[in-house]
Amino acid sequence: MATYTLALSTPKPLFSYPKQSFQKRLNPINKFHVSNSCDQSSHKHALSLQQTSSFSSRHNKRLWNLIVRSEAISEVANTDGWIRTLQLAAMFAIWYTLNIYFNIFNKQVLKVYTFPATVTAIQFGCGSVMIFLMWALNLHPKPKLRRSQFSVIFLLAVGHTIGNLLTNISLGKVAVSFTHTIKAMEPFFTVLLSALFFGERPSLLVVSSLVPIVGGVALASFTEVSFNWIGFSCAMASNLTNQTRNVFSKKFMVREEETLDNINLFSLMTIISFLLLAPAAILLEGVKFSPSYLQNAASQGLNVKELCIRALLSGFCFHTYQQISYMILQLVSPVTHAVGNSVKRVVVIVSSVIFFQTPVSLINSLGNNTLHSPI
């Protein structure tokens, strides 16, 4: 019997792919996923870098603009500072120059026309005309005066009138340099009146600075060639009157809504002073514009035309230098203004001594130097 042997072989699958080809098919897919993820991450990184760069550039641009603006502002501030300094220097120079010419013209007029009330009224009248022109041409806004302010301004104007009248009486009796030497005691009266009326006790430093002022005035007075008791007393009284006006003006004009600016306050005081002094001058001295009085003045060195011109010039300088003084006071502190006023007196004293050739002794000169040493 024949024998059959069944040989079993390993079955082959119905579908078979070579391993290499499957790997080749799979590799592009893996490469695609890997490449895609890498591209996305690099894109995000590039995008973030771009955003960071954009933010940084905007920030730098803003910072640069701020730097440019700050530099421009500082340059403008520096320019404004220089302009303000030059403006103040010019105003101080005009203030001093007008004061020198006022004292020269005023002394020349009072020397031959010995009517100080009339001369002072003329000066207030010149100032009033200039004030009305200033308001008419809108060079300065007109004041809005209230009834509550009028009584205060009227009292200040009374002090202003008496103070300037006493100063002119003193200038008519003694040398210009001596009058201004005495008027240098204004700080002493300011401290004294503030202590008496308002209880403001001065510091030891302030009191010590007043000692050379009082000593200098005393020394200069004892050795003054043109010393006259009327001139000396009127100069001292003008110090008291003017400083009373200044001290009480600070007390009265305390409400901010009722205060006037310095220029309008001075303008109203000038107009009221003219209205007060013009009739008083006629009552005290009479009408002194007759040809006989003018000819008498002309016989002493000034003809009628020169007398009238100098009287008008003194009125112009009188009002203008005080107006500029108030304008300076609006731009600087009261301390700076007081120092400038003290320096002004030195300038006026020296210029008047030179112009009028006033004899000055060694002791008198020492007294003036002691007087102005606190400056």
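In the predicted model, Pro116, Ala117, Thr120, Gln123 and Phe124 of helix α2 make contact with His160, Thr161, Asn164, Leu165, Asn168 and Ile169 of helix α3. By class, this contact comprises 5 nonpolar and 6 polar residues, with no charged residues. Helix α2 covers residues 116–136 and helix α3 covers residues 147–173. Their axes lie 9 Å apart and meet at an angle of about 125 degrees. Angles of 65 to 115 degrees count as roughly perpendicular and those over 145 as roughly antiparallel, and α2 and α3 are therefore oblique to each other. The crossing of α2 past α3 is right-handed.

The loop between α2 and α3 contains Asn138. The phi angle of Asn138 is near 55 degrees, a positive value in a residue that is not glycine. In general, most residues other than glycine have a negative phi. Asn138 counts as exposed because its relative accessibility is 60%, where the cut-off for exposed is over 50%.

Helix α2 also packs against helix α10, at an angle of about 60 degrees and with the axes 8 Å apart. This angle makes α2 oblique to α10. Here too a right-handed crossing is found, with α2 passing α10. On the α2 side, the residues in contact are Ile122, Gln123, Phe124, Cys126, Gly127, Met130, Ile131 and Met134. On the α10 side, they are Ala311, Leu312, Ser314, Gly315, Phe316, Phe318, His319, Thr320 and Gln323. Sorted by class, the contact of α2 with α10 has 10 nonpolar residues, 7 polar residues and no charged residues. Gln123 and Phe124 of α2 are listed both in the contact with α3 and in the contact with α10.

One of the α10 residues that meet α2 is Thr320. Helix α10 runs over residues 304–331, and Thr320 lies within it. Thr320 has a relative accessibility of 15% and so counts as buried, the cut-off for buried being under 20%. When residues up to four places away in sequence are not counted, Thr320 touches Leu98 and Met130. Met130 is among the α2 residues that meet α10.

The largest nonpolar core of the model has 20 residues. Within this core, the residues with the most contacts are Phe92, Trp95, Tyr321, Ile324 and Ile328. Two or more residues of the core come from each of α1 (19–112), α2, α8 (262–285) and α10. Of these elements, α1 gives the most, with 8 residues. Ile324 is in contact with Met91, Ile94, Trp95 and Leu98, again leaving out residues up to four places away in sequence. Leu98 is thus a contact of Ile324 and also of Thr320.

Helix α1 also holds Ala93. With a relative accessible area of 40%, Ala93 is partly exposed. Ala93 and Lys344 are 251 residues apart along the chain, and their C-alpha atoms are separated by 9.6 Å.

Two residues of helix α7 were examined in the same manner. Helix α7 spans residues 229–252 and includes Leu240, and Ser238 is found in α7 as well. Ser238 is buried, with a relative accessible area of 0%, whereas Leu240 is partly exposed, with a value of 39%. Ser238 is in contact with Gly163, Leu166, Thr167 and Lys183, its neighbours within four places in sequence being set aside. The C-alpha atoms of Ser238 and Ser170 are separated by 9.0 Å, although these residues are 68 places apart along the chain. For Leu240, the contacts beyond four places in sequence are Phe189 and Leu193. The C-alpha atoms of Leu240 and Phe188 are 9.6 Å apart, with their positions 52 residues apart along the chain.

For the protein chain as a whole, the model contains 12 helices and 0 strands. Read from the N terminus, the order of elements is α-α-α-α-α-α-α-α-α-α-α-α. The chain has 375 residues, and buried residues make up 38% of them. Of the contacts between residues at least 6 apart in sequence, 88% join residues at least 24 apart.

Methods
Residues are numbered from 1 along each chain as its sequence is written. This is a predicted model: local features need pLDDT of at least 70, side-chain atom pairs count only at pLDDT 80 or more; totals for chains, interfaces and linings use all residues. Side-chain values use heavy atoms; hydrogens and water are left out. Axes are lines fitted to C-alpha atoms, for helices over the stretch in contact, and angles run from 0 to 180 degrees between N-to-C directions. Helices (H or I, at least four residues) and strands (E, at least two) are DSSP runs, numbered from the N terminus. Angles under 35 degrees count as roughly parallel, over 145 as roughly antiparallel, 65 to 115 as roughly perpendicular and the rest as oblique. A crossing is left-handed if the near helix is turned anticlockwise from the far one by less than a right angle, and right-handed if clockwise. Contact means heavy atoms within 4.5 Å. Ala, Val, Leu, Ile, Met, Phe, Trp, Tyr, Cys and Pro count as nonpolar, Asp, Glu, Lys and Arg as charged, and the others, Gly among them, as polar. Buried means under 20% relative accessible area, exposed over 50%, partly exposed in between (1.4 Å probe, protein chains only). A nonpolar core is a set of buried Ala, Val, Leu, Ile, Met, Phe, Trp, Tyr and Cys residues joined through side-chain atoms within 4.5 Å.
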